[in-house]
Amino acid sequence: MTKSEQYNMMLLMSSVSLATVSRMLSTNGSVLMDFTQGVLTGIAMVGMIAGLWMYGKARKSKS
């Protein structure tokens, strides 16, 4: 596994774990916690999209 593949896998795994943590937060009607949960979910989604894009780019350059 190359360094690039390791970075891609780390980005994907950290994004998945961030999404899991953000969905597990209990908001209890708090506006701040709702906002925090939304921000964490958004960051996780951007990280997943970036990781998949980088993975596809690396696979395309291999062949």
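Helices are DSSP runs of H or I spanning at least four residues, numbered from the N terminus. In the predicted model described here, Thr36 is found in one such element, helix H2.

The arrangement of the two helices was examined next. Helix H1 comprises residues 3-24, and helix H2 comprises residues 31-62. The axes of H1 and H2 come within 8 Å and cross at roughly 160 degrees. Because angles over 145 degrees count as roughly antiparallel, H1 is assigned as roughly antiparallel to H2. The crossing in which H1 passes H2 is left-handed.

Pairs of residues distant in sequence illustrate this arrangement. Gly51 is placed in helix H2. The C-alpha atoms of Gly51 and Met9 lie 7.5 Å apart, although 42 residues separate the two in sequence. Gly51 has a relative accessible area of 0% and is therefore buried, the cut-off for this class being under 20%. Glu5, by contrast in class, belongs to helix H1 and has a relative accessibility of 22%, so that Glu5 counts as partly exposed. Between the C-alpha atoms of Glu5 and Gly42, which are 37 residues apart along the chain, the separation is 23 Å. A further pair is formed by Thr36 and Thr2, with their positions 34 residues apart in sequence and a C-alpha to C-alpha distance of 35 Å. Thr36 has a relative accessible area of 27% and is therefore classed as partly exposed.

The loop between H1 and H2 contains Asn28. Most residues other than glycine have a negative phi. Asn28, which is not a glycine, nevertheless has a positive phi of about 50 degrees. The relative accessibility of Asn28 is 73%, and this residue therefore counts as exposed, since the exposed class begins over 50%.

The surface was also considered for nonpolar patches. One such patch is formed by Leu32, Phe35, Val39 and Ile43, which together present about 410 Å² of accessible area. Val39, one of the members of this patch, lies in helix H2. With a relative accessibility of 35%, Val39 counts as partly exposed. This value satisfies the requirement for patch membership because residues in patches must have over 30% relative accessible area.

Taken together, the model shows H1 roughly antiparallel to H2, with Asn28 in the loop between them. Helix H2 includes both the buried Gly51 and the partly exposed Val39, the latter being part of the nonpolar surface patch.

Key
Residues numbered from 1 in each chain as written. Predicted model: local features only at pLDDT ≥ 70, side-chain atom pairs only at ≥ 80, totals over all residues. Heavy atoms only, no water. Patch = residues over 30% accessible without salt bridge, like charges linked within 9 Å, V, L, I, M, F, W, Y side chains within 5 Å. Areas by Shrake-Rupley, 256 points an atom, 1.4 Å probe, with all protein chains shown as cover. Salt bridge = Lys/Arg side-chain N within 4 Å of Asp/Glu carboxyl O. Buried < 20%, exposed > 50% of the residue type's maximum accessible area, 1.4 Å probe, protein only. Axes fitted to C-alpha atoms, helices over the stretch in contact; angles between N-to-C directions. Parallel < 35°, antiparallel > 145°, perpendicular 65-115°, else oblique. Left-handed = near helix turned anticlockwise from the far one by under 90°.
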